Amino acid sequence: EIAPVVDELGNRFAAAGHELALVGGPVRDILLGRGSKDLDFATSARPEAVEKLLAGWADHVWDIGKAFGTIGCRKGEWILEITTYRSESYDPTSRNPEVSYGDNLPDDLSRRDFAMNAMAVRLPSHEFVDPYGGLADVAAKVIRTPGSPEDSFSDDPLRMMRAARFAAQLGFTPDPAVVAAMTAMAERITIISAERVRDELVKLVCAKYPRIGLDLLVSTGLADHVLPELPALRLERDEHHRHKDVYEHSLTVLEQAIELEPRLGGTEPDFISRFAALIHDIGKPKTRKFEAGGKVTFHHHDVVGAKLAKKRMKALRFSNEQIEQVGKLVELHLRFHGYGTGEWTDSAVRRYVRDAGDLLSRLHILTRADCTTRNKRKAEALRSAYDDLEERIARLREQEELDSIRPDLDGNQIMEILGI
Ligand code: ATP
Ligand code: MG
């Protein structure tokens, strides 16, 4: 199962007297039966030597971070990243943590995040190295740290986010000791840069099982620091009015949005529509009012929600474009429900299309996914009403496209277009 390109590189390093091993994600993924064109390696060679060895062999070589000892290259369809062995994890009390290079594979593996990521295959011998029982963990689908989770997470609190991210990607369960450490140490995540937290959050939301990862973030308290508006959606239920749990609803809408995602025609998960689905009701806790007769209302939670969404995304250092896109989806998602069903005038439909702009396909997904209520018949009625609206929009667009080209065409051209 080891690709020829891997052996080729292994031979090249061995001939120059350096150790090389396939490590981390790709080893885990081979065991899971999922191949990838991205490969990570660890080596005894220093970055300068790695660069030289790659230069005469790869199609393209680049410096990913010489400070961290990582050189990247492309060879055919393969993307390879080669990182020099590291020894001790950096001293967190030092203000200026420096990379200290190591001279052996076991030390390098000992500072990795999880046992399932601390496996390696030495090259060119194909000797399998698994000091922490990663193979057993993969078989049992559990996430454990090589040493104590407390030590690991105080070395690098981002690993707590990574545990939730891998749980979401792989459908694995973190070991109880890992969950306990995440719960006890959640607050430490605040020392990590917003960009690194954001990158893990994006991977989590774009994963196959985002609910698993999000439930972990919320139940351990990590979400209170990275996305506090999410746990806030767990509005207390009132026995008499049986008010629905907006958090549960949001996860359901996210899952329905994921099912509708193929409509976008892309091959990659769409973070924007997923994240908008997750936080579309983010304005509800702030706008909730209990009215006489026990009715609960959320006045303008779309507008308030859009503001909250943008503020949070800004804090997480998302791009302005992403912030605007999610903000707009959150703001527009209520209009369909607000207008009521079936009563739309043509100009209301046009305004909807114009306001959505190039977000229309995503708005369709979000609004359609949001057509859920506990009452199954009501939900079905909502869905078919929205399908009707989508059809009307499609018809209106076709018609307007024709209207806009008609004046410039003469009879012959029109006959040609119509195939007459
Ligand atoms: P993917 O690339 O599919 O997201 P991956 O397992 O390759 O998953 P990366 O984030 O690319 O994950 O990291 C590559 C490897 O580096 C990991 O498998 C792990 O061994 C190690 N690693 C990455 N980040 C950390 C960290 N914060 N602490 C310890 N080890 C880490
Ligand atoms: Mg990787």
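Before I turn to the helix that lies across the sheet, let me say what contact will mean: two residues are in contact if their C-beta atoms, placed from the backbone, lie within 7 Å. Please also keep in mind throughout that this is a predicted model.

With that settled, helix H1, residues 4-15, lies across strand S1 (20-23), strand S2 (38-43), S4, S5 and strand S6 (120-123), and its direction runs at about 150° to that of S1. Helix H3, which covers residues 47-55, packs on the sheet as well, touching S2, S3, S4 and S5, and its direction makes about 10° with that of S4.

Now to the sheet itself. Strands of a sheet pair through backbone hydrogen bonds, either parallel or antiparallel. Here seven strands form an open sheet with mixed pairing, and going across it we meet them in the order S3-S4-S5-S2-S1-S6-S7. At the edges stand strand S3 (60-65) and strand S7 (128-129), each with a single partner strand, so one side of each is left without a neighbour in the sheet.

Let me go through some of the pairings. Strand S4, residues 70-75, and strand S5, residues 78-84, are antiparallel and share six bridges, and within that pair Arg74 stands opposite Ile79 of S5. S1 and S6 are likewise paired in the antiparallel sense, over four bridges, with Val121 in S6 as the bridge partner of Leu22. S6 then runs antiparallel to S7, to which two bridges join it, and there Ala120 faces Val129 of S7. In the hairpin of these two strands, S6 and S7, four residues lie between the strands, and His126 takes a positive phi near 65°.

Which residues are found around ligand 1? They are Gly24, Gly25, Asp40, Arg112, Asp113, Asn117, Asp156, Leu158 and Arg159, and this shell divides into five charged residues, three polar ones and one nonpolar one.

Finally, a pair of helices further along the chain. Helix H12 (residues 246-260) and helix H19 (residues 360-369) pack at an angle of about 135°, their axes being 8 Å apart. Angles that are not under 35 degrees, over 145 or from 65 to 115 count as oblique, and H12 and H19 are therefore oblique to each other. Their crossing is right-handed. On the H12 side the contact is made by Val253, Gln256, Ala257 and Leu260, and on the H19 side by Ile365, Leu366, Arg368 and Ala369; these contact residues divide into six nonpolar, one polar and one charged.

Notes: Residues numbered from 1 in each chain as written. Chains lettered and ligands numbered in written order. Predicted model: local features only at pLDDT ≥ 70, side-chain atom pairs only at ≥ 80, totals over all residues. Axes fitted to C-alpha atoms, helices over the stretch in contact; angles between N-to-C directions. Left-handed = near helix turned anticlockwise from the far one by under 90°. Nonpolar A, V, L, I, M, F, W, Y, C, P; charged D, E, K, R; others polar. Near = placed C-beta within 6 Å. Pairing = 2+ DSSP bridges.
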